[in-house]
Amino acid sequence: MKRTLFLIVFLAIVVPVGWVLFCKYEGDLPQADISLPSQYLKQSYQINMTATDKGAGLRHVTVSIVQKDNEKVLLDKSYPPASILSLFSDNAIVSDTFVIPVETGKYGMSDGQAVIRIVVTDYAWRKWTKGNRFYEERPVIIDTVPPRFQVLTSQHNVSKGGVGLVIYKLDEENVQSGVRVGENFFPGYSGVFNDPLVITALFALSHTQGPDTRILVEARDPAGNETKRGFYHYIKDKTFRSDTLNISDDFLEFKMPDFNLGPLEAQFLTEQNPLLAKFLYINETLRSQNMATVLKVPSDTRAELMWKDRFNRLSGAANRAQFADKRTYKYNGKVVSHSTHLGIDLASTSNAPVGATNNGRIIMAENVGIFGNTVIIDHGLGLASLYAHLSQMSVAKGDMVKKDDIIGRTGLTGLAGGDHLHFSMMLHNVFINPVEWWDPAWITNNITSKIESVKAQIQ
């Protein structure tokens, strides 16, 4: 009887009390998972945070921003204690999520170092019932002032399909900057001058952008503050010629077997004239895909001018097609397709040696659909030259080349109807007119004289 009574008392009192003491005296710290958009706080900023305590439950959460003796509380939230029955019914608050706005301009703080302070406590009975305490400080930098810059070049004349150069000086480091031309962005580089704050930016107009195109210098600091400002420039309009190409059955029978289409592509071919249907698919859909492929390549560039003086043209070659020719394709007298030729076709003798037009680094050497065997050379600052339809390629990606080094031989790979070199130039993701870069006077007036003038200014 006594044993039974003792067992009842033990189960009714000792076990629950022991369980309460075990749970309430738990020593696991609460946690705070905090996400800062960046280390830099600008005028508008937002912190995401989740506080958790899976033991006794959350008691208090505080988040503040501190700069020297100035502390601004951003979040201060208390939670009701869980009843003792929570040990058996689980009514403690163990997690909470917050989106905390930060408006640094309202706190009387100056730009510079600060910390985000996070304190989370729980309802454990440790430390004389004050609970376990999570404490963390995240260093941040308050930055509310947009970057500033000074344009150092004065004349910026650029043609439709052509290139311009602007040089400017930033007032702080770690700023991303460049030139916005319409919707396209051309990054600036600090590798040309000894002063890292002096930035060189080549920019280009595509063959479709005319005198109404907006051109701005943009600068963005690590906090996300932006400055956008125009600079004096003159855009020269240009009309490109039109050309008509007649597609013959002989051409289709000669070239179409060179292209292997997969089952998904083959479904677009008609039974009535499968060779013509294949040509239309290649000339339109595959062309678009291949253009996108090669236009991604110049992003692999170096922040230096690797080229020197004018770019060389294929020796002894005649022009067979011009830059930005608007091509109309006819079959049996009927218009069947259109394209724009964004390069210059140069024809000399079959399998003629092709030299690098200027110093640079090979960033592509592979077969690319309509272009056939293709070599692309990076000349620095996003400027690249492309050599297509090659019968042979004698370089590999990563090779360094000098002007006139042989990189391959002309051919008729890809969608070429006869042996020739398709030569293009690109600035980042835009095809540009190669004729400018063959002209020593244009390079002097628009590129090298500007660089020398700025060097004289900052010395």
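**Exercise 1. Find how open to solvent Arg 180 is, and describe its salt bridge.**

Step 1. Start with Arg 180, which is partly exposed at a relative accessible area of 25%. Here buried means under 20% relative accessible area, exposed means over 50%, and partly exposed lies in between, with a 1.4 Å probe and protein chains only. Please keep in mind that this is a predicted model, in which local features need pLDDT of at least 70, side-chain atom pairs count only at pLDDT 80 or more, and totals for chains, interfaces and linings use all residues. Residues are numbered from 1 along each chain as its sequence is written, and side-chain values use heavy atoms, with hydrogens and water left out.

Step 2. Now look for the partner. Arg 180 and Glu 218 meet through their side chains in a salt bridge of 3.0 Å, N to O. A salt bridge is a side-chain nitrogen of Lys or Arg within 4 Å of a carboxyl oxygen of Asp or Glu.

Step 3. Place both ends on the chain. Arg 180 belongs to strand S12 (residues 176-181) and Glu 218 to strand S15 (residues 215-220), so that distant parts of the chain, 38 residues apart, are linked. Helices (H or I, at least four residues) and strands (E, at least two) are DSSP runs, numbered from the N terminus.

Step 4. Check the other end: Glu 218 is buried, at a relative accessible area of 10%.

**Exercise 2. Work out which residues form a salt-bridge network, and how many salt bridges there are.**

Step 1. Take Arg 117 and Glu 71, whose closest N and O atoms are 3.5 Å apart in a salt bridge. This pair also links distant parts of the chain: Arg 117 is in strand S7 (residues 112-122) and Glu 71 in strand S5 (residues 70-78), 46 residues apart. Glu 71 counts as partly exposed, at 41% relative accessibility.

Step 2. Try a second pair. Arg 327 and Asp 345 form a salt bridge of 3.4 Å, N to O. Arg 327 sits in strand S20 (residues 325-331) and Asp 345 in strand S22 (residues 344-347), 18 residues apart. Both Arg 327 and Asp 345 are buried.

Step 3. Join the bridges that share partners: Glu 71, Arg 117 and Glu 137 form one network.

Step 4. The count comes to 15 salt bridges.

**Exercise 3. Describe the largest pocket and the elements that line it.**

Step 1. Begin with volume: the largest pocket has about 530 Å³. On a 1 Å grid over the protein atoms alone, a pocket is an open set of points where a 1.4 Å probe fits, with protein on both sides within 12 Å along at least five of seven lines, and lining residues have an atom within 4 Å of a point. Grid points are joined across faces, edges and corners, and the volume is the space filled by probe spheres set on the points.

Step 2. List the lining. It holds 29 residues, and Leu 245, Arg 327, Asp 345, Leu 415 and Gly 417 lie nearest the centre of the pocket.

Step 3. Assign the elements. Among those supplying at least two lining residues each are S18, S19 and S20. H6 gives the most, with four residues.

Step 4. Look at the sheet here. S18-S20-S21 is the order of an open sheet of three strands with mixed pairing, and S18 (242-246) and S21 (334-341) are its edge strands. Two strands pair if DSSP finds at least two bridges between them. S20 and S21 run antiparallel and are joined by seven bridges.

**Exercise 4. Show how strand S30 is covered and paired.**

Step 1. Check burial: seven of the seven residues of S30 (residues 421-427) are buried. Leu 421, Phe 423, Met 425 and Leu 427 point one way, while His 422, Ser 424 and Met 426 point the other way.

Step 2. Find the neighbours. S22 and S30 run antiparallel and are joined by three bridges, with His 422 as the bridge partner of Asp 345. S26 (residues 383-390) pairs with S30 over six bridges in the antiparallel sense, and Ser 385 stands opposite Met 425.

Step 3. Finish with the hairpin. S30 and S31 have two residues between them, and His 428 in the turn has a positive phi of about 55°. Across this hairpin, Ile 432 in S31 is the bridge partner of Met 425.
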